[in-house]
Amino acid sequence: MPLYFLLRFFISLGYITFLRKTTFAELDNRLVSIFKASYQKICLTKVVEIKESMHISVPMVIGYFKPLILFPVGMVNRLEVEEVEAIIMHELAHVKRNDFIINVLLTLVEVLYYYHPAIWWISANIRSERENSCDDIAIYNTNNINYAKALVKIEEMRQTITPSLAM
C-alpha cells in the first residue's frame, strides 16, 4: 500500500513537469498588466511567471524555486478584469505563503503514515485552511464581491468542460 502512495506522489511530480513544459508563452496583454499590478500590490520577492495551459481546468500555481501561475486557455477572456485580478491575487498568495513546499511535505507525511486516519483528516484540514488563508488575502487586496463572482464563474466553466454524468 505505501508503494501506491509513493507512486502517486511521483506521478504527480511528473505531471507538474509535463504542465511546465506544455504551457503557452504568448499571453493576453490584459492578463500581463493585471498580473504586474497584483504582483506589486502583494509585495512578492520571488520571480513568478504566468502562462496559459490547455491541460488544466482551474487556475493553479506550480513550482517553488521558479513559481508558475497557470490559467486555463481562454479563461481570461470570459472573466471581468476585477475577477481576473482577484484570482491572480489568490494564486500569488499561494506563492507568498510557500504553499507548494508545504504541499510536498504534507504529501510525504501522507505517504509515510498512509494507514492512519487522523493523518488524512489533519491533511484535509490543512489543505482547506491553506485555501481559506489565500482566499482571505485575495479578499483583503481586492473586492470580495468580484472574488466571489470569479469563483462562481470558474466553477461554471469547469462544469461545462467536464459535464457530470447524471443518469
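What follows is an informal back-and-forth on how the labels for this structure are earned.

Me: What kind of model is this, and which pLDDT cut-offs apply?
Reply: The model is predicted: local features need pLDDT of at least 70 and side-chain atom pairs count only at pLDDT 80 or more, while totals for chains, interfaces and linings use all residues. Residues are numbered from 1 along each chain as its sequence is written, and side-chain values use heavy atoms, with hydrogens and water left out.

Me: How do you know that Cys 43 is in no disulfide?
Reply: A disulfide needs a pair of cysteine sulfur atoms within 2.5 Å. The nearest cysteine sulfur to Cys 43 belongs to Cys 134 and is 16 Å away, so the pair fails the 2.5 Å rule. Searching the whole structure gives 0 disulfides.

Me: Why is Cys 43 called exposed or buried, and what about Cys 134?
Reply: Relative accessible area decides: under 20% is buried, over 50% is exposed, and in between is partly exposed (1.4 Å probe, protein chains only). Cys 43 has 57%, so it is exposed. Cys 134 has 0%, so it is buried.

Me: What makes a set of residues a nonpolar core, and how many residues has the largest one here?
Reply: The set has to be buried Ala, Val, Leu, Ile, Met, Phe, Trp, Tyr and Cys residues joined through side-chain atoms within 4.5 Å. The largest such core has 28 residues, and those with the most contacts inside it include Leu 31, Ile 69 and Phe 71. Among the elements giving two or more residues are helix 2 (29-42), strand 3 (68-72) and helix 4 (81-96). Helix 4 gives the most, with 8 residues. Helices (H or I, at least four residues) and strands (E, at least two) are DSSP runs numbered from the N terminus. There is also a second, separate core of 5 residues, including Ile 56 and Leu 70.

Me: Which residues does Ile 69 touch?
Reply: Contact is heavy atoms within 4.5 Å. Leaving out residues up to four places away in sequence, Ile 69 touches Phe 35, Val 48 and Leu 92, among others.

Me: Why is Lys 153 with Glu 83 called a salt bridge?
Reply: The rule wants a side-chain nitrogen of Lys or Arg within 4 Å of a carboxyl oxygen of Asp or Glu. For Lys 153 and Glu 83 the closest N and O atoms are 3.1 Å apart, so the pair passes. Lys 153 sits in helix 7 and Glu 83 in helix 4, so this bridge ties together parts 70 residues apart in sequence. Lys 153 is partly exposed at 26%, whereas Glu 83 is buried at 2%.

Me: How many salt bridges does the whole structure have, and which residues form a network?
Reply: The search finds 7. Asp 99 and Arg 97 meet at 3.4 Å, N to O, and shared partners join Arg 97, Asp 99 and Arg 130 into one network. Arg 127 pairs with Glu 110, with closest N and O atoms 3.0 Å apart.

Me: What makes Lys 46 count as sitting over the ring of Tyr 64?
Reply: NZ of Lys or CZ of Arg must be within 6 Å of the ring centre and within 35 degrees of the ring normal. The charged end of Lys 46 is 3.7 Å from the centre of the Tyr 64 ring and sits over it, so the distance fits the 6 Å limit.
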